[in-house]
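Below are some comments on the structure, set out as numbered points for a colleague to read beside the coordinates.

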Amino acid sequence: QVQLVESGGGLVQAGGSLRLSCAASGRIFGSNSMGWFRQGVGKEREFVAAISWRTLYADSVKGRFTISRDNAKNEVYLQMNSLKPEDTAVYYCAAASDSRSSSYAIDYPHWGQGTQVTVSS
C-alpha cells in the first residue's frame, strides 16, 4: 500500500513562490517515477511535472517550476516561482509503478488527497 500526503499549499500573490511537499510511505522506491498534477475549478486534471531518472515539465510551467526528490526521506517537492493566477488549482502528488516519468495520469496508480494553491492577481 502506498500513501501520499501533500503539504505546502496556500494563498500567494502573483509573482510569488510556494514550495509543495509530498511525503510518501509504503512500497515506494527511489526508482519510481513521481509526478505532480493539478486541477482547476471546471478544468481537467493536467500534468505539471515528473521525476525519475529524468525530469519532465509541462510547457506552461517550464522555467518557473522545479521538481525534486529526496529518496532518503521519501519526499518529492515542487518549487513554484513566478506564480500566475492561472496556476490556481488543487495540486496532486502521484506515484507510478515504474520509472518512465510519464505525463499521463493513467500511468500513476497512487494519488494524494491534494493541496490547494491560490494565486491572487
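1. Asp98 deserves the opening comment: in this predicted model, its relative accessibility is 27%, and Asp98 therefore counts as partly exposed. Asp98 forms a salt bridge with Arg100, in which the closest N and O atoms lie 2.8 Å apart. Arg100, for its part, has a relative accessibility of 48% and is likewise classed as partly exposed.

2. Arg100 has a further partner, since a salt bridge also links Arg100 to Asp107, with 3.5 Å between the closest N and O atoms, a separation that falls within the 4 Å cut-off used for salt bridges and is counted for that reason. Asp107 is again partly exposed, its relative accessibility being 21%, a value to be read against the limit of under 20% that defines a buried residue. Elsewhere, salt bridges with shared partners join Arg38, Glu46, Arg64 and Asp87 into one network.

3. Where in the fold does Arg38 lie? Arg38 belongs to strand β4, which covers residues 34-39, and with a relative accessibility of 4% this arginine counts as buried. The side chain of Arg38 makes a polar contact of 2.6 Å with the side chain of Glu46, and another, of 2.9 Å, with the side chain of Asp87. When residues up to four places away in sequence are left aside, the residues that Arg38 touches include Val48, Val61, Phe65, Ala89, Val90 and Tyr91, as well as Glu44 and Glu86.

4. How many salt bridges does a search of the whole structure find? The search gives six, and one of the pairs not yet discussed is Asp59 with Lys62, whose closest N and O atoms are 3.1 Å apart. Asp59 is exposed, with a relative accessible area of 65%, whereas Arg38, at 4%, is buried.

5. On internal space, the structure holds one cavity of 30 Å³ or more, and the largest cavity encloses about 50 Å³. Its lining is formed by Ala24, Ile28, Phe29, Gly30, Met34, Arg69, Asp70, Asn71, Asn74, Glu75 and Val76. The elements that contribute two or more residues to this lining are β7 (65-70) and β8 (75-80). By residue class, the lining divides into five nonpolar, three polar and three charged residues.

6. The loop between β7 and β8 may be worth a separate look, and it contains both Ala72 and Asn74. Ala72 is exposed, with a relative accessible area of 78%, and its C-alpha lies 9.9 Å from that of Phe29, although 43 residues separate Ala72 and Phe29 in sequence. Asn74, which is among the residues lining the largest cavity, is partly exposed at 27% relative accessibility.

7. Which residues other than glycine have a positive phi that a reviewer might wish to check? Asn74 has a phi near 55°, and Ser101 has a phi of about 50°. Ser101 is placed in the loop between β9 (89-95) and β10 (110-111), and at 1% relative accessibility Ser101 counts as buried, while Asn74 counts as partly exposed.

Methods
Residues numbered from 1 in each chain as written. Predicted model: local features only at pLDDT ≥ 70, side-chain atom pairs only at ≥ 80, totals over all residues. Heavy atoms only, no water. Salt bridge = Lys/Arg side-chain N within 4 Å of Asp/Glu carboxyl O. Buried < 20%, exposed > 50% of the residue type's maximum accessible area, 1.4 Å probe, protein only. 1 Å grid on protein atoms, 1.4 Å probe; cavity = no way out; pocket = protein on both sides within 12 Å on 5 of 7 lines; lining within 4 Å. Points joined across faces, edges and corners; volume = space filled by probe spheres on them. Helix = DSSP H or I, 4+ residues; strand = E, 2+ residues; numbered from the N terminus. Nonpolar A, V, L, I, M, F, W, Y, C, P; charged D, E, K, R; others polar. Polar contact = N/O pair within 3.5 Å; in protein donor to acceptor, adjacent residues only side chain to side chain. Contact = heavy atoms within 4.5 Å.
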